[in-house]
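Visitor: I'm new to this one. Could you take me for a close look at a single part, and then show me how the rest fits around it?

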Amino acid sequence: MRGGVISSPWKKSPERKQERALKREAVLAAAAHVFAENGYHRASLDEVARILNVTKPTLYYYFKNKEAMLFACIEHGLEMFRSEASGPSAKAKNGLQRLTAYLKRYAAVIESDFGRCTVRISDSELSEPSSRKIRRIKSEIDRELRQLVADGQADGSIAVTDPQITALALAGALNSIAFWRHQDPDLPVDKTVDEYIHLLVNGLAPRTSQARK
């Protein structure tokens, strides 16, 4: 049009990138839900597409295949666990209190689709390079939890002899929520978490401390 301004229907590059990032996050969230509910082999990308109201080929614009989608879901879930290890604990006075605060945040992640997907699906479903990366992140999370236990052991607020075994036991107990919690959705989340934490923490506190309370 002579003398006029042509309005492009295409968005500018920054807007396109932002829009693509948001859509990728939506695909990831839908995939995590489907994986968590059905497992890897029974999970259908058709169902992921149905949840998002898109066609199945649209999903491949964001992830090259089903395994890449699973890897992204597990990686995201693990990053959620890892970020909670350094969460707020300003009010915590000793190691046991810091550990308790972390366990509550850890359990909250377990309740999410990403948490359930990460716990319920083995990294053995992934290719070896992807599996190695996932195992590395899991090892880092284990070390962080082990350090929290060791800190409590050092200041006398936690009565254990082996921080590594204790950390594995704590993680295993909380991870079990992912395997049964969805079968009883009417059970309040807060009640589930509080009961688990209460049972776990009471076994860690020194007997002398319990006697004084």
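Guide: Let's start at Y106, which counts as buried, at 7% relative accessibility. Keep in mind as we go that this is a predicted model. Y106 has a ring partner in Y102: the two ring centres are 5.8 Å apart and the planes stand at 75°, so this is an edge-to-face pair. The cut-off behind that label is an angle over 60 degrees between the planes. Both tyrosines belong to helix α5, where being four residues apart separates them by about one helical turn. That fits a general rule: an α-helix has 3.6 residues a turn, so residues three or four places apart point the same way. Y102 is buried too, just like Y106.

Now look to the other partner of Y106. A search of the whole structure turns up four aromatic pairs. One of them joins F81 and Y106, with 4.6 Å from centre to centre and 35° between the planes, which makes it tilted. F81 sits in helix α4 (residues 66–85) and Y106 in helix α5 (residues 95–110), so this pair ties together parts that are 25 residues apart in sequence. F81 is buried as well, with a relative accessible area of 3%. Put the ring pairs together and you get a cluster of F81, Y102 and Y106.

From F81, stay in helix α4 and find E79. E79 counts as partly exposed, at 32% relative accessibility. Follow the space from there to F114: the C-alpha atoms of E79 and F114 are 10.0 Å apart, while the two residues are 35 apart in sequence. F114 has its place in helix α6, and with a relative accessible area of 13% it is buried. What does F114 touch, once you leave aside its neighbours within four places in sequence? The list is L28, A29, A32, C73, H76, G77 and M80. Another way to see how the chain comes back on itself is to go from F114 to A31: they are 83 residues apart along the chain, yet their C-alpha atoms are separated by 9.1 Å.

A31 brings us to helix α1, where the buried residues are V27, L28, A30, A31, A32, V34, F35, A36 and Y40. Among what covers them are α2 (45–52), α3 (56–59), α4 and α6 (113–120). Take a moment over the path of this helix, too. Helix α1 (residues 13–42) has 30 residues, and a straight helix of that many would span 44 Å, but α1 spans only 37 Å between its end C-alpha atoms. There is also a kink of about 80° in α1, and it is centred on A36.

Y40, one of the buried residues of α1, has a charge for company: the charged end of K66 sits over its ring, 4.8 Å from the centre. You can find a similar arrangement at Y61, where R20 lies over the ring face, at 4.9 Å from the ring centre.

Two side stops before we step back. In the loop between α2 and α3 you'll find N53. N53 isn't a glycine, although it has a positive phi of about 60°. N53 is also exposed, with a relative accessible area of 72%. For a contrast, go to S131 in helix α7 (residues 128–155). Is S131 buried or exposed? S131 counts as buried, at 3% relative accessibility. Its contacts, leaving aside neighbours within four places in sequence, are D123 and L126.

Finally, zoom out to the whole chain. The secondary structure comes to eleven helices and zero strands. Of the 213 residues in the chain, 38% are buried. Looking at contacts with a separation of 6 or more, 69% come from residues 24 or more positions apart. As for the outside, the accessible surface of the chain is about 12,600 Å², and 53% of that belongs to carbon and sulfur atoms. So if you want one place to come back to, return to the ring cluster of F81, Y102 and Y106.

How values were computed. Residues numbered from 1 in each chain as written. Predicted model: local features only at pLDDT ≥ 70, side-chain atom pairs only at ≥ 80, totals over all residues. Heavy atoms only, no water. Phe/Tyr/Trp six-rings, centres within 6.5 Å; stacked < 30°, edge-to-face > 60°. Helix = DSSP H or I, 4+ residues; strand = E, 2+ residues; numbered from the N terminus. Buried < 20%, exposed > 50% of the residue type's maximum accessible area, 1.4 Å probe, protein only. Lys NZ or Arg CZ within 6 Å of the ring centre and 35° of its normal. Expected span 1.5 Å × (residues − 1). Bend = angle between axes of the 7 residues up to and from the residue. Contact = heavy atoms within 4.5 Å. Areas by Shrake-Rupley, 256 points an atom, 1.4 Å probe, with all protein chains shown as cover.
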